[in-house]
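Me: I'd like a close look at one part of this model, please: the place where the two chains meet. Could you walk me through it in plain words?

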Amino acid sequence: MSLWVDKYRPTSLAKLDYHKEQANHLKNLVQCGDFPHLLVYGPSGAGKKTRIMCLLRELYGAGVEKLRIEHQSIVAPSKKKIEINTIASNYHLEVNPSDAGNSDRVVIQELIKTVAQSQQIQSSTQREFKVVLLTEVDRLTKDAQHALRRTMEKYMSTCRLILCCNSTSKVISPIRSRCLAVRVPLPSTEEVCSVLMSVCKKEGLLLPAELARQVAEKSGRNLRKALLMCEACRVQQYPFSADQEIPATDWEVYLRETANAIVNQQSPQRLLEVRARLYELLTHCIPAEIIMKGLVTELLSNCDGHLKPEVAQMAAYYEHRLQLGNKAIYHLEAFVAKFMAIYKKFMEDGLDNFMF
Amino acid sequence: MDEYDEMYGIEDDYEQQFADELEVMAEMEHEPPCGVKVSEFRSKRQTFEEALTSADSALLKPVAAEALALEEDECLTPKAKKRKHDVAKKLHFEATHDEGDGDGDKEITPPSSPEVYQRSERTRSGFSLSLSPSRPVVSEPVSVMDISGLAVLQESPKRVREPRHALRRPPASGDYITVTDCTGNRVYLRQDPDLDPDLQTPDPRFFRNSQNTLGLLAVPVEVLKEQASERRHRQLVEESQRLTELLNSGIDPELLADEGSEDTEDVNVRVSDESSGSRLWVDRFAPQHYMELLSDDFTNRCLLKWLKLWDSVVFGRERKPRPPAAESRVNGAQNQNQNQRFKTKSQVTEEILEAELDQYKRPKLKVALLSGPPGLGKTTLAHIIAKHAGYNVVEINASDDRSAELFQKRIDTATQMKSVLGANEKPNCLIIDEIDGAPSAAINVLLATLNRKDSREGEESTSNPLKKKKKKESVLLRPIICICNDLYTPALRPLRQQAFLLTFPPTQQSRLTQRLAEVTRRQGMKADTGSLMALCEKTDNDIRACINTLQFLHGRGQRQLDQRVVNSMSIGLKDQNKGLFSVWQEIFQLPRLKRKRIGGDPHGGFEEAGLKDVTQRLQHILHLASSCGEHEKLTQGLYDNFLSMKLKDPSLLGVCSGLDWLCFSDLVNECVLHGQNYSLMRYLPFLPAAFHHLFAANSVPRISYPNSHYEGLMKTQHTKNALVAMVAEIPPSIRTRICQSNLCLDILSLLLELISPKLRPVNPQLYSTREKQQLCELIDTMINYNLTYRQERTPEGQYTYVLEPNIEDVVRFSGLPPRRQLTYQVKQLISRETEMERMRRVERAQQKRNPQQTETVEEVKEVKKPQTQKPKIRNHHQRLENIVKQTVVENKPETDFFGRAVVPKEKVSPNTSTEDDGKPGGVSQIGKAVGKSDVWFRFNEGVSNAVRRNVYIRELL
């Protein structure tokens with residue numbers, strides 16, 4: 001547990017650093033010993049998983065933290081063997097069904113059924129239900145989500161589901177209506193700063209407030225990232241200085257360069273180069289929507305105020321199609337080409353106006 | 001024969017070069033090698049010639065002329081015309097003979113069935129052969145084929161001899177031929193070797209005719225009689241042949257049916273055009289002779305030569321050795337005729353054909369593999385050549401079951417057995433059609449059959465003769481011809497190396513057009529050459545498609561074929577299966593050439609060219625794309641290449657709309673695949689059409705194969721594998737917090753930063769406490785995240801340490817400036833420390849499992865020497881105890897060398913040992929000592945590892 005992220009992660013609801021009110025609500029929720037299905041959502045690095053684990057600890061005690069990895073193999077009706085890893089304690093089971101790709105429906109059905117159908121023996125000392133924690137629910141196929149609907153109701157008596165995802169927009173509404181939705185927003189910059197300061201204090205380091213603030217901003221309030229950045233800063237140069245260079249993730253740098261390349265020149269050749277860079281990003285497992293988002297942010301900062309609404313609208317249009325389609329590269333490139341066309345026209349018009 | 005003599009007789013060269021062909025032609029005309037039909041031809045021809053010679057007298061001539069006139073309108077090509085003509089004539093004369101002088105011979109009944117008919121023909125031919133001065137007498141009916149001095153034959157009338165030579169039992173001396181008539185009676189015909197052609201008895205009819213030269217009738221009685229009987233005979237023959245066809249179709253549908261039907265066909269065409277309307281024209285007008293083949297002459301000749309190579313093993317005939325001079329002359333002649341490129345290719349083929357026979361006198365390559373697109377006449381060629389070379393054709397095609405066992409069975413049947421019933425005494429020639437569709441198991445069976453000899457060769461020499469004979473049977477001794485469309489089917493790969501490959505060039509358009517013209521003429525359709533040419537072009541010179549199209553039009557009552565009809569027709573079109581590259585090419589290139597030609601063509605609408613051009617082009621591309629099939633690849637190719645085209649598109653609007661099309665196509669594809677909504681698939685070909693519209697240019701596009709998508713996929717897979725490998729070993733407490741996306745996005749990049757701190761490249765013993773702590777943390781992190789450094793040797797021979805799993809690949813981007821790397825020494829240090837820490841942890845985990853041991857660990861630290869007894873009984877203890885128990889009982893109290901009792905003075909650990917070991921008291925202390933000692937050894941014949949001792953990692957580190 002050497003990384004700060006892991007070392008200083010709070011383990012109980014009471015020790016949470018921010019969103020204390022919500023923590024209280026959660027505490028009250030499980031106080032009576034029971035709770036409905038939960039749908040925990042929020043951006044990455046906001047502390048969803050931390051909260052869920054705290055909740056489980058509140059519910060079952062320290063036994064939840066004794067985790068083990070189980071390799072499960074499930075045979076689909078089509079005789080296809082699906083291997084999936086689960087992380088389990090005595091009281092709960094954590095699965096990432098999207099690991100199974102297209103067969104996630106089978107995983108959901110089989111796993112939840114096996115968990116839910118086994119009754120707890122000593123229900124006097126323990127809760128009478130187990131918890132199944134499904135992560136990345138927004139990456140589930142529609143089939144799997146529909147398979148989840150009935151299962152959720154049917155095994156209510158023996159099992160609770162906690163669904164964890166980044167966005168509810170990809171979770172079908174029947175599931176949303178069956179769950180109590182808990183939104184975990186990103187911490188504010190101040191909150192991030194305070195967390196950083198407290199961690200550094202525990203480490204016995206002196207963190208300048210200015211640097212903490214910069215780290216918080218650069219990490220985009222993603223607490224995990226902020227802590228990692230802070231630790232990376234520490235590794236680079238210990239006695240912190242306020243204007244220290246903060247290491248950034250490579251893909252962000254790369255994406256920024258790509259955006260600059262788009263703005264600098266608009267031609268088919270440049271589009272080819274951009275395509276190669278987009279491919280590069282995709283092959284590094286950067287999700288297409290993140291690429292799109294990053295590109296738009298960078299491009300918007302580079303273009304004129306008149307163009308902004310148009311570019312944003314285009315981005316939304318192509319992002320939507322990207323979600324519907326299969327080959328992300330087409331849609332990304334289509335967006336880039338469209339931007340090039342608009343930008344070029346704008347620039348030429350501007351030039352004309354300037355000349356006459 | 002006489003025609004060919006006239007045509008080719010002058011050129012000696014030619015005779016040499018096309019010896020095989022000439023041979024076949026000769027056989028075709030003078031021999032009945034393969035069935036009723038040809039023999040009929042031959043016999044008829046002869047009688048016709050007889051008639052002609054006899055009709056020196058002017059009387060008979062008008063008849064012939066009349067007959068000629070009668071049938072002229074129905075005739076085919078000059079060649080065929082004559083032959084057909086002969087057929088008719090022959091039949092007539094045959095009939096007369098049978099009626100007239102056939103009465104006398106009891107043995108041979110009038111030809112009610114073609115079988116018998118043929119039989120009598122054959123005997124006659126045998127006789128005729130014996131007449132030829134150049135050849136010795138031959139006893140085998142098949143070997144008769146070799147005759148080349150044919151001129152003599154024409155004049156030889158043989159009919160008359162039959163009755164005289166028919167014997168009830170085999171003649172005591174001399175050669176004879178056995179004949180069975182339809183009633184089952186067997187007669188023997190003597191072959192007279194002494195016959196001199198000059199002394200032959202003249203044709204009786206000749207005399208008859210000559211006698212009648214003074215007759216009073218304008219038409220001689222004989223002729224009238226002939227005409228009457230001719231008519232009767234024709235009906236008779238027709239009926240009998242129809243019957244035989246029926247019968248044959250029951251017996252051997254593949255072979256006899258089409259032979260029989262050919263015969264009927266010839267008659268039918270004449271008698272009633274309508275009666276055979278239900279048959280496919282393709283079958284009706286299929287070539288029957290070598291000379292009628294439309295396919296490339298060189299290919300035909302090669303296959304024929306190859307088949308002839310088998311003669312020595314199949315028929316026991318020796319090949320005629322060819323003078324090498326002639327050979328070179330042939331090549332010289334070829335050089336003049338053919339251009340340089342084809343010469344080399346043909347020479348290669350020639351070489352194969354001239355190659356030595358193997359020990360079984362078989363050709364080196366035992367299988368011929370014909371390949372080419374459909375409709376070139378591959379199957380027809382194989383059948384005809386096999387027939388002409390004197391084989392009985394056995395065909396296996398895709399309609400048969402081709403599982404390996406059945407295939408084996410059929411091959412064996414075809415190659416090793418012979419028909420014992422009279423019908424087909426000829427050796428079999430196996431034709432495996434459509435072999436590219438056969439499963440690879442079946443092809444392996446075929447290969448095994450081919451190579452059978454090689455594997456058994458060694459055995460055969462040693463084994464006894466009986467066995468030898470048995471084995472020899474299993475060696476392949478019959479030719480096999482395989483036919484396929486796609487030579488490069490994976491299943492055919494092994495066969496390709498062992499086969500005599502013949503690729504069919506496309507049919508010559510002129511020849512095809514000529515044939516089509518004949519067909520149309522015979523069917524009463526009107527068609528000009530131009531439209532037929534257009535038809536040929538439309539079908540890519542596919543004979544079958546052309547004729548089928550004609551029949552289709554004919555069937556719909558269309559008797560007039562002009563260019564317009566051909567152009568407007570969509571039926572003649574095959575599924576064009578063009579290569580992806582040509583499709584891409586067509587999409588990115590404006591059809592400049594084509595437009596020119598249409599403009600130059602007097603019929604092709606000048607008026608349509610301008611406006612309709614775009615729509616036509618779009619239609620064309622649509623058709624092309626939809627028939628291509630591989631839409632995914634096609635799209636990918638367009639995507640990869642369109643930006644490198646020369647775009648005149650400064651505002652990038654075309655590019656945008658092209659990409660929009662791609663997006664649309666992607667959405668549609670997703671719908672099709674995900675929702676199984678296949679009706680949407682029809683919209684997919686519009687993408688290529690749109691691309692053609694947007695990006696087609698006049699210049700020739702340079703197209704590269706699209707591999708970007710595949711590469712991307714591979715790289716993604718590589719990345720994912722690295723991630724999975726990394727995650728697999730991460731302890732669960734950390735693992736719950738990470739998933740693939742946040743590993744990629746947040747953690748890994750910074751983690752790499754974290755594990756490369758500034759460390760002094762010195763021995764870690766020299767580190768300050770803070771540095772030590774830093775190192776400690778680093779190693780902890782690396783272990784927690786399942787990372788190590790692994791030594792690797794670069795191609796240059798240097799050693800480097802790389803991360804394992806290699807997440808640097810996952811994180812690093814090619815364009816970015818390289819990050820600060822740790823030095824080799826530091827990496828080495830980290831690697832070592834990591835390994836040690838791992839070992840420590842493993843040991844700790846083990847000790848955790850046995851909590852008692854943990855106590856002793858502390859003790860050990862105090863005592864410093866590992867002399868404490870482990871409370872747990874270890875393996876060697878158990879074993880030793882057993883030994884001790886056994887030995888101790890016998891042992892007296894321990895004595896020293898001098899026999900005195902020894903007081904045991906073993907050093908026994910004071911604290912735990914006595915209480916913990918619950919050993920029975922009877923065991924002596926020395927035994928205990930042996931069992932309890934921490935050091936022990938086992939006699940292991942001097943091997944150094946015999947002495948063992950427990951050593952802990954912590955003692956080493």
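Reply: Here is a walk across the interface of chain A and chain B. Keep in mind that this is a predicted model, where local features need pLDDT of at least 70, side-chain atom pairs count only at pLDDT 80 or more, and totals for chains, interfaces and linings use all residues. Residues are numbered from 1 along each chain as its sequence is written, chains are lettered from A and ligands numbered from 1 in the order in which they are written, and side-chain values use heavy atoms, with hydrogens and water left out.

Start with who touches whom: 69 residues of chain A are in contact with 67 residues of chain B, contact being heavy atoms within 4.5 Å. Together the chains bury about 6200 Å², and carbon and sulfur atoms give 60% of that. Buried area here is the accessible area (1.4 Å probe) that two parts lose on being put together, summed over both. On chain A's side, the trio A:Asp250, A:His284 and A:Tyr330 supplies 12% of the area buried against chain B, more than any other three residues.

Now for the charges. The rule finds three salt bridges across this interface, each a side-chain nitrogen of Lys or Arg within 4 Å of a carboxyl oxygen of Asp or Glu. A:Arg224 and B:Asp746 meet in a salt bridge through their side chains, at 3.0 Å from N to O.
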